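Me: I am new to this structure and would like to go through it step by step. Could we look at it together, with the reasons given along the way?

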Amino acid sequence: PYDLLVVGGGPAGAAAAIYAARKGIRTGIVAERFGGQVMDTVGIENFISVKATEGPKLVAGLEEHVRDYDVDIITEQKASKLRRDRLVEIDLASGATLKSRAVVIATGARWREMNVPGEKAYRGKGVAYCPHCDGPLFKGKSVAVIGGGNSGIEAAIDLAGIVKDVTVLEFGDTLRADDVLVRKAQSMPNIRIIKQAATTEVKGDGQRVTGLTYTDRATGESHELTLAGIFVQIGLVPNSEWLKGDLELTRFGEIEIGARGETSLPGVFAAGDVTTVPFKQIIIAMGAGATASLGAFDYLIRESVA
Ligand code: FAD
């Protein structure tokens, strides 16, 4: 068995594997796709000490760093079940089972998509999911935020300080965000909120987003907006479906963790976007991966080898 098995090969998983390997313990990493969400990212300008980079470039660096250590790297394998016996056992969709004394789960998350025509084609070309990451790219331009929940209204307030104007499109007839956020948004002159708006299509000129169309659900009428950017804020879905019933998850599916990345099961640690960590960013996921790995190492040196 491994001493530490990391499930997930994004920034959190890579950091956890490197920290474990540096302790000289038997380390493995299993991932469906090495690099995780970073593979889908075009420009990255908030990875501190690197002024600007691109997702695939950062992933190549992550992989090179992990490969520099004695780590078993298993890719294109999906974990489908976790069991805690004397060891932690991870079943893979392929039918194999990996065993380890401790594990770090870092399976990340995925943005919920609108699933309308044009969204995929213009992803990274005006369709964005992370205001902290991509907001500055739309300086002085008109953008829309899809979704009137907390993340949508927070995004609108955040963006309003950078862009020309923000139109929030909420599907329902009320905003689901906290009152204080709604009041703040309503007080900002360059935020407009449209309710009962169902986005129907992302429009572009072949190169970049030029706008969107939506249906007013009250009247059935179709409208068009001219925009440079569209921020989709309709939820982040943690990749934790495979853990339901075996680990404590919040109602949003996030793994509950403590300060050392520990979960509700002894020997099982977690890090990054799949957890309750309040902010989902590369640099935060890496720090969390290091934390969970050190937490697991602490656990291993205390665990009695009966
Ligand atoms: P992820 O990166 O999601 O990695 C999860 C890993 O787990 C992957 O290897 C995946 O294949 C694997 N996995 C999932 N399920 C299983 C399973 N069942 N079995 C095995 N493996 C599994 N953050 C920034 O800081 N700056 C930015 O500029 C930025 N831009 C972004 C742009 C986009 C389009 C997106 C989508 C995100 C962006 N983010 C950005 C957020 C950042 O990418 C994430 O916060 C970060 O990648 C989270 O790291 P993670 O390791 O927790 O998870």
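Reply: What follows is a set of questions and answers on a predicted model.

Me: Which residues come nearest to the ligand?

Reply: The model is predicted, and in it the ligand is surrounded by 34 residues. Within that shell, the residues that come nearest are Arg33, Asn46, Ala79, Trp111 and Ile282.

Me: Which residue has a side-chain N or O atom 2.8 Å from a nitrogen atom of the ligand?

Reply: Some polar contacts to the ligand start from the backbone: a backbone N or O atom of Gly9 lies 2.9 Å from a ligand oxygen atom, and a backbone N or O atom of Glu32 lies 3.1 Å from a ligand nitrogen atom. The side-chain contact asked about, at 2.8 Å from a nitrogen atom of the ligand, is made by Asn46.

Me: How much of the ligand's exposed area does the protein bury?

Reply: The starting point is the ligand taken alone, which exposes 1,000 Å². Of that area, the part that the protein buries is 96%.

Me: How many residues of the shell around the ligand are charged?

Reply: Helix H1 (11-21), strand E3 (43-44), strand E9 (109-111) and helix H6 (282-302) each supply at least two residues of this shell. When the shell is divided by residue type, 14 residues are nonpolar and 14 are polar, while the number of charged residues is 6.

Me: Which strands form the edges of the open sheet of 5 strands?

Reply: The strands of this open sheet pair in parallel, in the order E10-E17-E11-E12-E13. An edge strand here is one that pairs on one side only, and the two that do so are strand E10 (127-128) and strand E13 (191-194).

Me: Which residue in E17 does Ala144 stand opposite?

Reply: Strand E11 (residues 142-146) and strand E17 (residues 229-232) run parallel and are joined by 4 bridges. In general, strands of a sheet pair through backbone hydrogen bonds. Across this pairing, the residue in E17 that stands opposite Ala144 is Ile230.

Me: Is the disulfide between Cys130 and Cys133 right-handed or left-handed?

Reply: The model has 1 disulfide, which joins Cys130 to Cys133 with an S to S distance of 2.1 Å. Because the torsion about the S-S bond of Cys130 and Cys133 is about 65°, the disulfide is right-handed.

Me: Does Cys130 count as buried or exposed?

Reply: Its disulfide partner, Cys133, has a relative accessible area of 26% and is therefore partly exposed. A residue must be under 20% to count as buried, and because Cys130 has 9% relative accessibility, Cys130 counts as buried.

Technical notes
Residues numbered from 1 in each chain as written. Predicted model: local features only at pLDDT ≥ 70, side-chain atom pairs only at ≥ 80, totals over all residues. Heavy atoms only, no water. Near = heavy atom within 4 Å. Polar contact = N/O pair within 3.5 Å; in protein donor to acceptor, adjacent residues only side chain to side chain. Areas by Shrake-Rupley, 256 points an atom, 1.4 Å probe, with all protein chains shown as cover. Nonpolar A, V, L, I, M, F, W, Y, C, P; charged D, E, K, R; others polar. Pairing = 2+ DSSP bridges. Disulfide = S-S within 2.5 Å. Buried < 20%, exposed > 50% of the residue type's maximum accessible area, 1.4 Å probe, protein only.
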